[in-house]
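Subject: Handing over the structure

Hi,

Here is the structure I promised you, and my notes on what turned up in it follow right below. Have a look at it first, then read on at your leisure.

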Amino acid sequence: MRVHIYRGLEKDEERIPKDVTHVIIDKSVTVIRKRAFSGRKRIISVIMADNVKRIEKEGFRSCYALRFIQLSKTLEYIGKYAFYKCYDLEALFLPSTVESIETHAFNSCQSLRLLILPNDVDIGNNLIHIHRLVGGTDIRKIAKYDGVVFYGGYGVGGINSSDRSERDPWRDYRKRMNNWLIHHMDHFPFHKLCYNSSITSKQINDYLDEHGNNSSRFIDIFHQMTPLHMITMNPHAPAHAISALLESNIGGGFCLDFYDKTPLDYARDYNVDGLIGMISSLCMHRYMHARC
């Protein structure tokens, strides 16, 4: 294991070791520079301080082993090819502050399956841009399951690239694809709440009070996940919020999703504080049950 604290200096002033495995972004950093970590194939995790506003072009390109990244809660811009070919990256929890995402930002992230775009984000105006944003990811398979097909190549839905004037008829379809990337989890509001990078235990408890504890058992159609699966993947979720949700359905901690993983598995990989809180809640439940 090799840890590097990134301070955002110019390349000739800050060399990123080729064998670095874990990265901590210093609190002074506001911009991840162009190609800062490009080609660092052994990076597994990145923890980003909340002052980062921009990830420039190819910031994490070809970080093949990158599996965990905690993004800044004030992030505004994600550049071209920013996470291109991050093969092991399964989930990105984007803050609502993200305003613009450039082409190919998540392209060829083969394992990427969990991504909800902020409502007001700008991801370009043409169909090909939207396709290339998530091309080569598991998100495309999920979209196809939901009836939304991401066409490949330079031709759009059979329209030859030489007939560019004929793309206008696809405007409605383009909007539908765009809307899917933003709204595909709208039918599962508790899951979407648990995706929020600013989630709190009060929000969890308020939702449970309004909709009942059974709402914590709902399973989404895309990932076969419960809200507890979702919140334990969220690196920003505080431990007490995860525990509040677990305590509404204590058995939910052992529920398997489509990928044969439990919330405890996800907490181990994405939210260690949450894992400790879950274990504490489970031990307390067992103790109280034994006393009865």
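Asparagine 271 is buried, as its relative accessible area is 4%; buried here means under 20% relative accessible area, exposed means over 50%, and partly exposed is in between (1.4 Å probe, protein chains only). This asparagine sits in the loop between helix H8 (263-270) and helix H9 (272-291). Helices (H or I, at least four residues) and strands (E, at least two) are DSSP runs, numbered from the N terminus. The side chain of asparagine 271 reaches the backbone oxygen of alanine 237 at 2.8 Å. Beyond its neighbours within four places in sequence, asparagine 271 is in contact (heavy atoms within 4.5 Å) with Thr232, Asn234, Pro235, Ala237, Ile242 and Tyr266.

Before you go further, two notes on the basis of all this. This is a predicted model, in which local features need pLDDT of at least 70 and side-chain atom pairs count only at pLDDT 80 or more, while totals for chains, interfaces and linings use all residues. Residues are numbered from 1 along each chain as its sequence is written, and side-chain values use heavy atoms, with hydrogens and water left out.

Now the overall picture. The protein chain has 9 helices and 10 strands, and 51% of its 292 residues count as buried. About 14,200 Å² of the protein chain is exposed, with carbon and sulfur atoms supplying 48% of that area; accessible areas come from the Shrake-Rupley method with a 1.4 Å probe, and for residues only the protein chains shown count as cover. Among the contacts in the protein chain with a separation of 6 or more, 46% are between residues 24 or more positions apart.

One of the partners of asparagine 271, Ile242, leads us to helix H7. Helix H7 (residues 239-248) is mostly covered, with 7 of its 10 residues buried. The buried residues in H7 are Ala241, Ile242, Ser243, Ala244, Leu245, Leu246 and Ser248.

On to the strands. Two strands pair if DSSP finds at least two bridges between them. Strand S1 (residues 3-6) pairs with S2 in the parallel sense over 4 bridges, and isoleucine 24 in S2 is the bridge partner of isoleucine 5. S2 also pairs with strand S4 (residues 45-48), in the parallel sense and over 4 bridges; here isoleucine 25 stands opposite methionine 48 in S4. In a regular strand the side chains alternate between the two faces of the sheet. Strand S2 (residues 22-25) shows such alternation: Val23 and Ile25 point to one face and are buried, while His22 and Ile24 point to the other and are not.

There is also an open sheet of 4 strands, in the order S3-S5-S7-S9, with parallel pairing. Strand S3 (31-32) and strand S9 (100-101) stand at its edges with a single partner strand each, so one side of each is left without a neighbour in the sheet. Strand S7 (residues 77-78) and S9 run parallel and are joined by 2 bridges, with serine 100 in S9 as the bridge partner of tyrosine 77.

Finally, the charged pairs. Taking a salt bridge as a side-chain nitrogen of Lys or Arg within 4 Å of a carboxyl oxygen of Asp or Glu, the count comes to 14 salt bridges. Here are three of them:

- Arginine 61 forms a salt bridge with glutamate 58, with the closest N and O atoms 3.5 Å apart. Arginine 61 is partly exposed at 23% relative accessibility, whereas glutamate 58 is buried at 8%.
- Arginine 67 forms a salt bridge with aspartate 269, with the closest N and O atoms 3.7 Å apart. Arginine 67 lies in the loop between strand S5 (54-55) and strand S6 (68-70) and aspartate 269 lies in helix H8, so the pair ties together parts that are 202 residues apart in sequence. Arginine 67 is partly exposed, at 25%, and aspartate 269 is partly exposed, at 26%.
- Aspartate 206 and lysine 202 meet in a salt bridge through their side chains (2.7 Å, N to O). These two are 4 residues apart in helix H5 (residues 201-211), so about one helical turn separates them. Aspartate 206 is partly exposed at 37%, while lysine 202 counts as exposed at 56%.

Salt bridges that share partners also join Arg67, Glu90, Arg113, Lys261, Asp265, Arg268 and Asp269 into one network.

Best wishes

Terms used. Polar contact = N/O pair within 3.5 Å; in protein donor to acceptor, adjacent residues only side chain to side chain.
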